[in-house]
Amino acid sequence: MKYVVVGTSHAGYEVIETLLKEDSEAQIEVFESGDKPSFLSCGIQSYLENVSPSLDSLHYATTTSYEKQGVNIHVNTTVVDLDTDNKTITVEHDGTKEDVSYDKLFLSPGGSAVKPPITGIDDYNNVFFMRGREWADKIKQRMPHAKKAVVVGGGYIGIEAAEAFAKAGIETKIIDVAERILSTYLDPEFTNILEQNSKQHQLEFIGGESVKEITGNDNGDVTTVITDKGEYQADTVLFAVGVAPATSWLKDKIDLGTKGIITIDHHQQTSAPDVYAGGDATMVPFAPIEEDRYIALATNSRRQGVTAALNMVGKSATMPRVSGTSGLQLFDYKFGQTGVHGTEADNYDGHLGQQYVEERIRPKFMQDDTTVHMKIIFDKDSHRILGGQVMSTEDVTQAINTLSVAISAGFTLEQLAVQDFFFQPDYDRPWHYLNVLAQQALGQSYGSDQMLF
Ligand SMILES: Cc1cc2nc3c(=O)[nH]c(=O)nc-3n(C[C@H](O)[C@H](O)[C@H](O)COP(=O)(O)OP(=O)(O)OC[C@H]3O[C@@H](n4cnc5c(N)ncnc54)[C@H](O)[C@@H]3O)c2cc1C
């Protein structure tokens, strides 16, 4: 069987590895536009902060490692067309085009950083985007020379860039049209704390402003970011305003939905026979409620990759429902979120319940006042758990995985309120903080932090 894979990041990598395990006769042809395969953007912040030693360490595989596995890898080669009737793709390398046939095709072109229509965005030096190896390299080279940076976009990618800049001593501002940082990621109870904490670390957030223009000096270097409300000096500007599926070449070839997202079923099959897709160009089935959502995460891409490959070799696999669970750190706080957010309440016609709780993690006698900030989102009628958020100065992020399991298992507040969690004073209390969270959502107080003296 001849398998053709387009793109080699999380989804493409997983498909290749699964095909190799599942089909010993597999002939695998892989096409990647970049000059090195399987680059992992999730490692960019660690590279900017000198944790990861080199860009070469941020890859799942290399051309040589793929060749050793018997995979025919073609780098610097962009797939530019698809003919589903004749089962061929057209690839372009060094200006030359060639048709390549497939028995089964997997599309994982992923996404590109959105370039907003801002005057001057293409006209000046030192304007960056945070995605892919080339941009990672350019940002890193710029950092020792940067003194004042503006990051446009306060989502998790903008936050990662801004934190790396601030830690490197660069005076950094984040500007976002939303009023809060991480506004699609965490509810205000959490972002209020994060914004305060960021300020203490010299990272300023400017919310509710829309960037309109970038200007620069006679050398062509960027100098100013102009919003609808003000002007900000910057010698370095980084845009992180979202991700757009890199699928323009697939228009009219297979079904695409809003913003060019490839339409797939839950077996990762596109509208064309023998053509599968996954990764940031597609949607995932959302566990808390019956709908598909666009949630661009490596976790989803890897699961989709396995699902697609199993179907490509003739087995039957269904993409597991996911809750978009993710975690992050910003200066002194570590946090995670999963499922539906409290800010989505308007879409639920009064049926979305939410409870925010702050609790001491350990018993008082441990002389440690560290608290956890938590929120649980639930269906007011059935009490089914739909989402959650956790945050602390210590690492409580694994608790978000527990909430993710609770969502997938269809747990109710009543079940989580008494769920068996271990107790040992170094770690927690006889009622774990997740028990307490669910109890408080139910109006109960028996697990809360009370000592009689
Ligand atoms: C800064 C940053 C940090 C992140 N951190 C995390 C994290 O901590 N956890 C997490 O779960 N997710 C994280 N993500 C998201 C994660 O990186 C993406 O969800 C994941 O990379 C998507 O994988 P993908 O397979 O869809 O392809 P992409 O990573 O989008 O890569 C697509 C690949 O296809 C190639 N390609 C595109 N078009 C063509 C074509 N026509 N022909 C040939 N090749 C093509 C590209 O060159 C690229 O190599 C992060 C993303 C960024 C940008």
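Modeller: A salt bridge here is a side-chain nitrogen of Lys or Arg within 4 Å of a carboxyl oxygen of Asp or Glu. The model is predicted, with local features needing pLDDT of at least 70 and side-chain atom pairs pLDDT 80 or more, while totals for chains, interfaces and linings use all residues. Residues are numbered from 1 along each chain as its sequence is written, and side-chain values use heavy atoms, without hydrogens or water.

Biologist: With which residue does D187 form a salt bridge?

Modeller: The rule finds two salt bridges across the interface of domain 2 and domain 3. In the one that D187 forms, the closest N and O atoms are 3.0 Å apart, and the partner is K375.

Biologist: How far apart are the C-alpha centres of domain 2 and domain 3?

Modeller: The assignment, automatic or from a database, gives domain 1 as 2-111 + 243-313, domain 2 as 115-239 and domain 3 as 332-442. Between domain 2 and domain 3, 14 residues of the former are in contact (heavy atoms within 4.5 Å) with 17 residues of the latter. The C-alpha centres of these two domains are separated by 32 Å.

Biologist: Which residues of domain 2 lose the most area to domain 3?

Modeller: The two domains bury about 1,300 Å² between them, 63% of it on carbon and sulfur atoms, taken as the accessible area (1.4 Å probe) lost on being put together, summed over both. On the domain 2 side, three residues together account for 44% of what that side buries, namely Y185, D187 and F190.

Biologist: Why do the buried residues of α8 line one face of the helix?

Modeller: In helix α8 (residues 398-408; a DSSP run of H or I, at least four residues, numbered from the N terminus), A399, I400, L403, S404, A406 and I407 are buried, that is, under 20% relative accessible area, against over 50% for exposed. Seen down the axis of α8, they line one face because their directions (from the helix axis to the C-beta atoms) fall within an arc of 160°.

Biologist: Which exposed residues does the opposite face of α8 carry?

Modeller: The buried residues of α8 are covered by elements including β24 (371-379), β25 (385-392) and α10 (433-441). The face turned away from that buried side carries the exposed residues Q398, V405 and S408.

Biologist: What is the relative accessible area of Q439?

Modeller: Q439 lies in helix α10. Leaving aside neighbours within four places in sequence, its contacts are A417, W431, Q444, Y446, G447 and S448. Q439 is buried, and its relative accessible area is 0%.

Conventions: Buried < 20%, exposed > 50% of the residue type's maximum accessible area, 1.4 Å probe, protein only. Helix = DSSP H or I, 4+ residues; strand = E, 2+ residues; numbered from the N terminus.
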